[in-house]
Amino acid sequence: MTEQLRLMAVHAHPDDESSKGAATMAMYVSQGVDVLVATCTGGERGSILNPKLQGDPWVEENIHEVRRKEMDAAREILGVQQAWLGFVDSGLPEGDPLPPLPEGCFALQDVAAAAEPLVKLIREFRPHVITTYDENGGYPHPDHIMTHKISMVAFDAAGDPDAYPEAGTPWQPSKLYYNHGFPMGRIRALHAYLTENGHDSPYGEWIEGWEKSGRKEREITTRVKCDDWFEIRDKALIAHATQIDPDGPWFRVPLDVQREVWPTEDYELARSLIDTDLPEDDLFAGLRVPSRTA
């Protein structure tokens, strides 16, 4: 392949793009790859998690506008393009029993209908590779699960001339990955390093909860070494100020430790229409022109 490589990352809310695969995207941008983030919702129902902004009436009343500005800042830091699909945040239901989801929210949309804006965006941007969430959403937020559903429909439909005929000229992406933002192997490795070297670890309760849940670790097929871009990733994450406390647990592990212990961001190849050998170290494996040797 000699044409410009293009990557699309499909995410549920503003800030997801900076916590899942951000260093990968920044690295590919540095290589000249076109990268587009598709953000399904505006994040309107996301809780204000930064204690420095909690209780601010202006932020609470203008959260939609605030989160858009945060997304603009993160986009600039990462060097990516970004598009809104226009759905309304479903919120994260809590309680026992769980309350019903809000009327009209993203997670309650018809999947086939909700996939159409993503199909249109795929046909306009023409990505070779798409990243999204697994069937559990990475974690079981209703918007993450819905993001998975529409991504799978759109991957197949975008290249089908009989599907969504009003959504533009067909384009078939070649590969689709699930991003593993927090693989348990990474969490365990960082926890072990910190405790063995006399440091406090923020991951103990996380590991305990994972083990009690009985969840199985998913397969990692593709490890992208992108540790030189971890600092850019963190800057983009901090740009989402309503969601991220810069003094919180996200940033307690020094970057030099992260680079030594786990220098990759990790993915699971879910669909591929081209030949590729596993494991991979590149989302574009099988798509790049082989380098010539003397």
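## Around helix H9 and the annotated binding site

The buried residues of helix H9 are covered by elements that include H1, helix H2 (22–30), helix H4 (63–78), helix H7 (184–196), helix H10 (255–261) and strand S7 (264–272). This is a predicted model. Helix H1 also carries aspartate 16, one of the residues that UniProt lists under "binding site" in an unreviewed entry.

**Helix H9**
- Helix H9 covers residues 230–239, and its buried residues include Phe230, Arg233 and Asp234.
- Ala236, Leu237 and Ala239 of H9 are buried as well.

**The annotated site**
- The "binding site" annotation in the unreviewed UniProt entry names His13, Asp16 and His144.
- These residues span 132 residues in sequence, but no two of their C-alpha atoms lie more than 9.7 Å apart, so they gather at one spot.

**Histidine 13**
- Histidine 13 sits in the loop that runs between strand S1 (6–11) and helix H1 (16–19).
- Its relative accessibility is 5%, so histidine 13 counts as buried, the cut-off being under 20%.
- Beyond its neighbours within four places in sequence, histidine 13 is in contact with Thr39, Thr41, Gly43, Asp89, His141, Asp143 and His144.

**Aspartate 16**
- Aspartate 16 belongs to helix H1 and is buried, with a relative accessible area of 4%.
- Its side chain reaches the backbone nitrogen of histidine 13 at 2.9 Å.
- Leaving aside neighbours within four places in sequence, aspartate 16 is in contact with His11, Tyr133 and His144.
- His144 is thus a contact to look for from both sides: histidine 13 touches it, and aspartate 16 does too.

Terms used
Residues numbered from 1 in each chain as written. Predicted model: local features only at pLDDT ≥ 70, side-chain atom pairs only at ≥ 80, totals over all residues. Heavy atoms only, no water. UniProt positions renumbered as here; feature names shortened; annotations may be inferred. Helix = DSSP H or I, 4+ residues; strand = E, 2+ residues; numbered from the N terminus. Buried < 20%, exposed > 50% of the residue type's maximum accessible area, 1.4 Å probe, protein only. Contact = heavy atoms within 4.5 Å. Polar contact = N/O pair within 3.5 Å; in protein donor to acceptor, adjacent residues only side chain to side chain.
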